[in-house]
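Grab a pencil and work through these exercises with the model open beside you. Each one sets a task, then walks through the solution.

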Amino acid sequence: MAPRKSAASAGRRTGASKSAKSRSSKSAKPAIGTVIAEFDKEKELAVYREMLLIRRFEEKAGQLYGMGFIGGFCHLYIGQEAVITGIQHAMIDGDQLITGYRDHGHMLAAGMTARGVMAELTGRRSGYSRGKGGSMHMFSFEKNFFGGHGIVGAQVPLGTGLAFANRYKDNGNVSIAFYGDGASNQGQVYESFNMAELWELPVVYVVENNRYAMGTAVSRASAQTDFSQRGVSFNIPGYQVDGMDVRAVYAAAEAALEFARSGNGPIILEMLTYRYRGHSMSDPAKYRSKDEVQKMRSEHDPIEQVKVRLLEKGWATEDELKAIDKSVRDVVADSAEFAQTDPEPDPSELYTDILA
Amino acid sequence: MPIDILMPALSPTMEEGTLAKWLKNEGDSVASGDVIAEIETDKATMEVEAVDEGTIGKIVVPEGSEGVKVNAVIAVLLGDGESASDIGTEKPAATPAPAAAEAPAPVAAEPVAAAPAAAEVPSDPDIPAGTEMVPTTVREALRDAMAEEMRADDDVFVMGEEVAEYQGAYKVTQGLLDEFGARRVVDTPITEHGFAGVGVGAAMAGLKPIVEFMTFNFAMQAMDQIINSAAKTRYMSGGQMHAPVVFRGPNGAAARVAAQHSQCYASWYSHVPGLKVIMPYTAADAKGLLKAAIRDPNPIIFLENEILYGHTFDVPKLDDFVLPIGKARIHRAGNDVTIVSFGIGMTYAEQAADELSGMGIEAEVIDLRTIRPMDLPTVIESVRKTGRLVTVEEGFPQSSVGTEIATRVMQQAFDYLDAPILTVAGKDVPMPYAANLEKLALPNVAEVVDAVKAVTYTA
């Protein structure tokens, strides 16, 4: 017994200064994940339009894929729109975004143009990567969007590196690294957690838990399915958030960004969300029931929730919402038209952008 | 105007499929997101969702139809106020085939885009007459290079295992913590995959990290971040993003550390477009090329060698001694045979050249210095003079740097060769521990001498 007791107390001693500091600074935070932000009319209309843009864009991308204009892999964000939309509203200038391959929604939310994203999807010269990256590999230095990464989990150390640079430059910015429930089982995520907490880096880790890693339900792949608690052994606080309610996402993001920006180190937000479509275009999603999908769509749809509130509060009429839908469709139709007519990259582009 | 609903492609390779079932009938209204049909591909049965709102005006392809080509019109959707009479009686105009489907023809008809000619690499800067030459170890030269660049640019920092308080596992970063502090000399946990990614992310955000691997054997843990994140980002982003990071550390066999700690990665990294790969031999090259690497806007693999760390060479005492990346150096002039090597391979090449000189064979020894981009013009110019070529390296023989040189010299200077090119390399075995076996596994001077005798027909 004696050795065990001494080891335990030694552990407490060595960890004392750090954990005491962690406790004091980290206990002051609000109850993240339980708060629903109050949106005014302007903000409700803004998020409605932004989420609708993502949905219509993704529907159009699916259609263009079906017509053969988009090739390869194409992962749609339909159903998860509230996550990036709520977070984007809580960010300040200079904060960085980085995510995996389900990235179209993040790019649109970051302010990248529908034309540029769609033209990249069709592999055309006016795409954000000049046609050389495609759906999974798109970036915008101007909009602080650092990709668009095709290797599951690889964006987490990269996002931690963005935070390292923020701290190095002491610029007051926070990096937001998105990954999925599938990536949560990659070792490099935990290597990142360790360094981020050790060096108190300003990073918010956002797990978009859409319940399925490709075709594998979280319970079949994860020993601990509460992904907000995956940082416990690194002393990183984490919270579950209703990722289908854009107001809950916004409130959690605002608190988490404030936490990270204030020098408290990393924080994890688990967004409980759902993708309506298959993992990629060729996935029939037979691993879940139609009822399950239908239930999410009819009871928790992130866009429908806002629509109902707007109508109930009298902040918009059906006709006004239709007009928003129309203008969003016009933007998407324009991007699709552009992406089909824009020329392919010049053959000389084969050998450009390899080295500076 | 009525909207054509087309047979969708539902996988990267699908060309046709079976329209298994219609879930909507003519006259039904649909909203975007509604499932309207099921389609069987060779892989699965997929649901087709409506993209546009409207009323199904006409089902063109009945359910059960097999072999329906992608992009064939399968139904027509009517908008507000439209009726079936709005549907043209003639066959609906075919939607233009996507460019992707047409792609093979024009590409096949066009000549394959030629790779651009390699950019001219400047020669080494002239060292002014009277410049003091200071005997310096490779270890000190590397440290001096980092320190000078860190003094000049606050964005430069070094991170890795034991680089700070321990002063470097091989003492290459000795003194840096004292001068630059813990902000810029960062001890990492033992977490290669993670800190390589953190380094690349920091580089994407505008810093210039020097990421030290305690040895490159451990960098295999980080391979994905080096290749997929660092090397490919500039291309994948159409030139918008890049990662100016230097990955450095000892590479190749040290002494008696056996298979997992004794591998040369020169040819591995040299395979990858988007990387530059440097492997210096002398202290002057180590210093001048590391300074160049830190300033270079591309991801760099800088391969050092534990045994060479303690070797002493003259280094010119200049305020800012920077060498060009991608330029080989004639280490010793000769007319009878060309020996190309790099890194610690140069020790065998040099000794062999000494022995050969005693036999009346004057070898021209070229130190490649940079593996990628490879300075083939300097090699070919020498081969044109000597007609014979031997390459020397410690790495495995298959797909080695030597076989790459041999292939390209054969393709570009075949008529100048008077003998087959011979490649001296490590043996095709994991590095053994036993002293005698380790010695056998590495190349040696006698093998180089024998190879030269063979190509000069003096055996």
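Helices (H or I, at least four residues) and strands (E, at least two) are DSSP runs, numbered from the N terminus. This is a predicted model: local features need pLDDT of at least 70, side-chain atom pairs count only at pLDDT 80 or more, and totals for chains, interfaces and linings use all residues. Residues are numbered from 1 along each chain as its sequence is written, while chains are lettered from A and ligands numbered from 1 in the order in which they are written.

**Exercise 1. Odd backbone angles**

Task: work out where B:Ala258 lies and whether B:Ala258 is buried or exposed.

Solution. Start with the angle: B:Ala258 isn't a glycine, yet its phi is positive, near 65 degrees. Next, place it: B:Ala258 sits in the loop between β13 (246-250) and α8 (266-270) of chain B. Now for burial, where C-beta atoms are placed from the backbone: a residue is buried with 20 or more other C-beta atoms within 10 Å of its own, exposed with 12 or fewer, and partly exposed in between. B:Ala258 has 15 other C-beta atoms within 10 Å, so it is partly exposed.

Try A:Asp353 in the same way. A:Asp353 is not a glycine either, and its phi is positive at about 65 degrees. A:Asp353 belongs to the segment after α12 of chain A. With 21 C-beta neighbours inside 10 Å, A:Asp353 counts as buried.

Finish with the peptide bond between B:Arg372 and B:Pro373, which is cis, with omega about 0 degrees. B:Pro373 is in the loop between β20 (370-372) and α11 (376-386) of chain B.

**Exercise 2. The two sides of a helix**

Task: which residues of helix α11 (residues 302-312) of chain A are buried, and what do they pack against?

Solution. First, list the buried ones: A:Pro302, A:Ile303, A:Val306, A:Lys307 and A:Leu310. They share one side of α11(A) because they span an arc of only 135 degrees around the axis (the arc of the directions from the helix axis to the C-beta atoms). Then turn to the other side of α11(A), where A:Val308 and A:Glu312 are exposed. As for packing, the buried residues are up against α2 (41-66), α3 (81-90), α9 and α12 (318-341) of chain A; contact means C-beta atoms, placed from the backbone, within 7 Å. Just after α11(A) comes A:Gly314, with a positive phi of about 70 degrees.

**Exercise 3. An open sheet**

Task: find the strands at the edges of the open sheet in chain B that has the order β1-β8-β6-β3.

Solution. Begin with the layout: this open sheet has 4 strands with antiparallel pairing. Two strands pair if DSSP finds at least two bridges between them. β1 (3-6) and β3 (29-30) of chain B each have a single partner strand, so they stand at the edges with one side lacking a neighbour in the sheet. Now zoom in on β3(B), which is joined by 2 bridges to the antiparallel strand β6 (residues 54-59) of chain B. There, B:Val30 has B:Gly54 as its bridge partner.

**Exercise 4. Where the chains meet**

Task: how many residues does each chain give to the contact, and which element of chain B gives the most?

Solution. Count by chain: 58 residues come from chain B and 49 residues from chain A. On the side of chain B that touches chain A, α5(B) gives the most, with 10 residues.

Definitions and conventions: Contact = placed C-beta atoms within 7 Å.
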